[in-house]
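Please look over the sequence and coordinates shown below before reading on. The briefing takes up the fold of one chain, then the interface, and then two helices that take part in the packing.

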Amino acid sequence: MTVPGAWYLTLAAFLFVIGAVGLLVRRNVLVMFMCVELMLNAVNLTFVTFARMLDDIGGQVVVFFVLVVAAAEVVVGLGIIVAIFRRRAGATADDISLLKG
Amino acid sequence: MDWAVFIVAAAVILTGALGVVTSRNPVHAALSLVLTLFGVAVLFVAQQAHFLAVVQVIVYAGAIVVLFLFVIMLLGVDQAEDLEVDPLVGQRPAAIGVGIAGLAAILLPILFGKWQWLSGQPSVVGPAHSGTEPNVNRLATAIFTRYLLPFEATSVLLVIAVVGAVVLARRPLSSERLGETVREEP
């Protein structure tokens, strides 16, 4: 007996919300970035679940593209983090407030 | 059997996700992230998305988490963060309230069986599972025919990402450091 898709969707919703709350609560830039990855994975799980429920390969194609974009995003994001940390060591997200005015 | 796989994978996913959010040390958070990514890969296999499960393990657990660990190692930012201090008064309760509201907004259509509100109409790209053709073949057919242009666009995106990473990581020339006062020579 297969698990109904609603269970997968519920699990993905919980995963997404955990990632979102973590992004809002944590101050370490690297951990915030990991929370973004959690949210991306929740969305991927949702897409694969809908691909199974609606019997449509398009959902899995979207997940493929999301994986590529996530890889590019991590490369650029970690480059930015390295650049920030080179300038000032031990900075948290609260310290990077030059644009605050 | 399916339920056992789902329950174990769900427990692994949620444990890892909570570990990412609550662990004080960034290295522990990265290792918890690996746990979550493996759990999601297991659920991909359980839903016959075999190619995506393999890519998930190779790209996410293999490349992205290792990149995270490399950055942690290079920068030496693995000191524990004090989670007790609330930098902005009332930020944490507000964040948790926003999270509960968002969870309710996503969950209510699912629990009342109206998940079509979230997915829209079934599209006509092609069946995912019917017949005996493997999932990899179906995915490749879709990517290289109907989605060929987005697939080519991702190559441009990756080139831009590589160039951007090189530009960001490059040590700035001395003539470009005008007006930088806080910078110290490493």
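What follows is a short account of a predicted model, arranged by topic.

In this predicted model, 72 residues of chain B are in contact with 67 residues of chain A. The helix pair treated in most detail here is helix 3 of chain A with helix 7 of chain B, whose axes lie 9 Å apart.

**Chain A**

- The secondary structure of chain A consists of three helices and zero strands, and the order of its elements from the N terminus is α-α-α.
- Chain A has a radius of gyration of 17 Å, whereas the globule rule gives 13 Å for 101 residues, so chain A is more spread out than a compact globule.
- Taken along the principal axes, the box filled by the C-alpha atoms of chain A is roughly 55 × 25 × 25 Å.
- Of the 101 residues in chain A, 53% count as buried.
- Among the contacts in chain A with a separation of 6 or more, 47% are between residues 24 or more positions apart.

**The side of chain B that touches chain A**

- Two or more residues each are given to this side by helix 1 (2-22), helix 2 (26-46), helix 3 (50-75), helix 4 (91-111), helix 6 (135-144) and helix 7 (148-169) of chain B.
- By class, the residues on this side of chain B comprise 55 nonpolar, 12 polar and five charged.

**Helix 3 of chain A against helix 7 of chain B**

- These two helices pack at an angle of about 10°, and because angles under 35 degrees count as roughly parallel, helix 3 of chain A is described as roughly parallel to helix 7 of chain B.
- From helix 3 of chain A, the residues that meet helix 7 of chain B include A:F65, A:V68, A:A72, A:V76 and A:G79, while those on the helix 7 side include B:P150, B:L157, B:A161, B:G164 and B:L168.
- The contact between the two helices has 16 nonpolar, three polar and no charged residues.

**Helix 6 of chain B**

- The buried residues of helix 6 of chain B are B:R138, B:L139 and B:A142, and because they cover an arc of only 95° around the axis, they lie on the same side of that helix.
- The cover over these buried residues includes helix 3 (58-87) of chain A together with helix 3 of chain B.
- On the face of helix 6 of chain B turned away from its buried side are the exposed residues B:N137 and B:F144.

Notes: Residues are numbered from 1 along each chain as its sequence is written. Chains are lettered from A and ligands numbered from 1 in the order in which they are written. This is a predicted model: local features need pLDDT of at least 70, side-chain atom pairs count only at pLDDT 80 or more; totals for chains, interfaces and linings use all residues. Two residues are in contact if their C-beta atoms, placed from the backbone, lie within 7 Å. Helices (H or I, at least four residues) and strands (E, at least two) are DSSP runs, numbered from the N terminus. Ala, Val, Leu, Ile, Met, Phe, Trp, Tyr, Cys and Pro count as nonpolar, Asp, Glu, Lys and Arg as charged, and the others, Gly among them, as polar. A residue is buried if 20 or more other C-beta atoms lie within 10 Å of its own, exposed if 12 or fewer, and partly exposed in between; C-beta atoms are placed from the backbone. The arc is that of the directions from the helix axis to the C-beta atoms. Axes are lines fitted to C-alpha atoms, for helices over the stretch in contact, and angles run from 0 to 180 degrees between N-to-C directions. Angles under 35 degrees count as roughly parallel, over 145 as roughly antiparallel, 65 to 115 as roughly perpendicular and the rest as oblique. The radius of gyration is taken over C-alpha atoms; the globule rule is 2.2 Å times the number of residues to the power 0.38.
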